[in-house]
Structure formats: structure tokens, C-alpha cells
Amino acid sequence: MDWLDWLLENIQGITWQMAVMWVIGGVLIYLAIKKEMEPTLLLPMGLGAILVNLPMDGALKELQILYDAGIVTELFPLLLFIGIGAMIDFGPLLSNPKMILCGAAAQFGIFFTLSLARLLGFTLQDAASIAIIGAADGPTSIFVAQHFKTQYIGAIIVAAYSYMALVPIVQPPCIRLVTTKKERLMKMEYNPANISRTTRILFPIFVTFIAGIAAPKSVALVGFLMFGNLLRECLVLDSLSETAQKVLANLVSLLLGLSVAPVMVWSKFLNINTIVILALGLVAFCFDTIGGVFFVKFLNLFLKKKINPMVGAAGISAFPMSSRVVHKMGLKEDPQNFLLMHAAGANVAGQIASVIAGGMIISLIPTL
């Protein structure tokens, strides 16, 4: 009966907190499989949450090795940025450079949420780590949270990737709240410029230099992002570009999802602050969206060729989901209203702006 005694001992080691984490892990797995929301991240993240909350610490020791190798060293976010950069076509942005302003404006939610988190009693470093959820960029959230060594990194990562997956649900109500039907019906002409190959190659190099001067702490993130884009645009490393877009990005995403598990142990994750952080993350996403819309409305006061205010909402970094959301909303109002390329320009601008915003926060706020 030794096996029965062993089984009873393990069952007695199960707590209600473990069971709650199993449910959370199950929800993440459900969203990944049934709803197809960021499956390469939410699926391993959900399984990892279960693995580290089993009796006798489950697979905590093994996953801690992965966490130390990929998160503590910030290796996984940097590698993932190479893959993201290789996926991005900056053509729509280069055809309409003023869209970079939309990307900058849509980071408003970060700084609003930082102030709100401070008012709620979080330390400046923790507030900054929470606010960067508004970057709508998982790797940047991990990079900043790890830099400040916040104790809430687990909740921040879950919030960042969950809300990125929920962009099609979160953004439309916010956009409709601050736009009129007339504004949503506004059409825009897209006249793609003939962007030379030289320009496409020089652009990522130029952005890296500018980021290195304006926000030196962001240069690692921006540099890896732009290196990925350089692989895409140089046209002499097509196989490496394709590998970065597919194999590297997917593999690192899977490892990243699993490596988060050690900070999802119930003793670290189940507390009132986790709920507050999830709420603040939602606030950050909403105010990013609203800030982008209002900024376009302000720009339209001075522009001859008006911009559909919904395009401003695509200035968040959730690429390419946010641009698709705006495009679908335009088509819903008018089947002939094609906003995809304009929104894509704002969306890739947001990718750059969010990384620079993360670097600025790291530069301005001292570590403990």
C-alpha cells in the first residue's frame, strides 16, 4: 500500500490556491486553443502555470533554469524582437511619415497609468513596470519589468499578452466611445510612394541611431528590432529572414511562455495586487487607444487631407492586430472604406514608439 500512502500524501499537499492557478492555466489554454488568441504564448504560459503549482513544486526547478537563462538575462525578449522586426514592412510608414506622430501619441496610456499606479501606492519602479503594459508589446513589458526587478513581473506578463490577444475586443468599444459615425465614415486615399531599396535599408539603421541618441536605454530593443528588419530588406539573406519570421519567432515565443511559469507560483501571483495590475493594464490599453484617436482629431484641425480618427487608435504596438481592427471597423461602416494601409503605417510607428517609450522610462527612473 506504499503507493496509496504516497498518493494520499500528495493529495493532502494540494491547496485551494493551487487549484485556482490550475483554473487560470486552464483559461489561458482555452483562450489559446478555442479562441486562437496568441496561442504560441498563452498555451505554454497556461501549461506552465499548472506545472509549477503541483505538489512538491512540480516542474518549478526545471522551469526556473529556463527563466534565469531567458528572462533574467533578457535574452528571449531581444531574440523575439529580431523575429518581429523581420515581419514588419515599414513601407506604409515611409509612404506617409506623419503616421509616426500617431505612434507616439498612442503611448499616452503608459504615462497616464504610471501616474495612476503611483496614486494607488505602488513604488515608482513597480508603477513604471506596470505602466509599460500599455506599450502593447510583450517583449518590451518583460524587458522593463526585469530591469526594475519588480515582484509583480508574473502579473505584468500575463496582463500584457492577454490584452494583446484581446485587442479585437478591447479597442472597438473605446474607439466608438470617442468617435462619431461621420468620423468613422471618413475615407482616405492611399497613394503608396515608390520607396527605394536604399531607403528601406537605411531606415532601420537611421532609427537605431536616433533611438541611441534620444533614448540610449532603448537601443538594445530598437537595435534588435531593426536588425530583424534589415534582414528582411537587404534581400541577400532571404533564408535567414524567413527563419527569423517563422522558426525563431515561434520557438522563442514558446520558450518565453514556459519560462514565465516560475513567477506564476500561487504564492507570488495570488494577491490583490494582481487584480489591480490587470485592471491598470486594461486602463493603459484603453487610454492608448483614446489618446491616439484624440491626437488625430487635433491634427485634423491643421491638415488639408484629413485622417480618419480611428487610424490613431492603431498607433499602439499590437502589430498587426490593431491595424486589422481599425480596417474592419472602417469596412463595417462603409464596405468601400479601406483603411488598412493607413492603419498599418500607424501600427508599425507604434512598434517603434513603444520600444523608445520603454527605454525612456528606464532612463528617467532609477533602479533600487
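Is F302 buried or exposed? F302 is exposed, because its relative accessible area is 60% and the cut-off for exposed is over 50%. Keep in mind as you read that this is a predicted model.

## Aromatic pairs

Let's stay with F302 for a moment. The structure holds seven aromatic pairs. One of them joins F298 and F302 in an edge-to-face arrangement, with 5.2 Å from centre to centre and 70° between the planes. The angle is why the pair gets this label: planes over 60 degrees apart count as edge-to-face. F298 has a relative accessibility of 45%, so F298 counts as partly exposed.

Elsewhere, ring pairs link F108, F112 and F287 into a cluster.

## A nonpolar patch on the surface

Now look for L202, I205 and F209. These residues make a nonpolar surface patch of about 300 Å².

I205 is a good residue to pick out here. You will find I205 in helix α14, which covers residues 197–214. With a relative accessible area of 34%, I205 is partly exposed. That value lies over the 30% that a patch residue needs, so I205 can take part.

## The largest pocket

Next, try to find the largest pocket, which has a volume of about 560 Å³. It is lined by 26 residues, and the closest to its centre are E38, M87, M164, F319 and P320.

Several helices help to build this lining. The elements that each give two or more residues to it are α3, α5 (75–87), α10 (138–147), α11 (153–165), α16 (238–259) and α20 (321–333).

## The cavity

How many cavities of 30 Å³ or more are there? The count comes to one. The largest cavity holds about 40 Å³ of space.

Its lining consists of Q151, Y152, G154, A155, V263, K268, F269 and T274. Two elements, α11 and α17 (266–269), give two or more residues to this lining. You have met α11 already, since α11 also gives two or more residues to the lining of the largest pocket.

## A glycine in a loop

Where is G58 found? G58 sits in the loop between α3 (39–51) and α4 (60–72). Is this glycine buried, exposed or partly exposed? G58 counts as partly exposed, because its relative accessibility is 37%, and values between 20% and 50% fall in that class.

To get a sense of distance, pick out G58 and C174 together. The two residues are 116 residues apart in sequence, and their C-alpha atoms are 41 Å apart in space.

How values were computed
Residues are numbered from 1 along each chain as its sequence is written. This is a predicted model: local features need pLDDT of at least 70, side-chain atom pairs count only at pLDDT 80 or more; totals for chains, interfaces and linings use all residues. Side-chain values use heavy atoms; hydrogens and water are left out. Helices (H or I, at least four residues) and strands (E, at least two) are DSSP runs, numbered from the N terminus. Buried means under 20% relative accessible area, exposed over 50%, partly exposed in between (1.4 Å probe, protein chains only). Patches are made of residues with over 30% relative accessible area and no salt bridge: like charges are joined within 9 Å, nonpolar side chains (Val, Leu, Ile, Met, Phe, Trp, Tyr) within 5 Å. Accessible areas come from the Shrake-Rupley method with a 1.4 Å probe; for residues, only the protein chains shown count as cover. A salt bridge is a side-chain nitrogen of Lys or Arg within 4 Å of a carboxyl oxygen of Asp or Glu. Rings of Phe, Tyr and Trp (its six-membered ring) pair if their centres lie within 6.5 Å; planes under 30 degrees apart count as stacked, over 60 as edge-to-face and the rest as tilted. On a 1 Å grid over the protein atoms alone, a cavity is a set of points where a 1.4 Å probe fits but cannot get out, and a pocket is an open set with protein on both sides within 12 Å along at least five of seven lines; lining residues have an atom within 4 Å of a point. Grid points are joined across faces, edges and corners, and a volume is the space filled by probe spheres set on the points.
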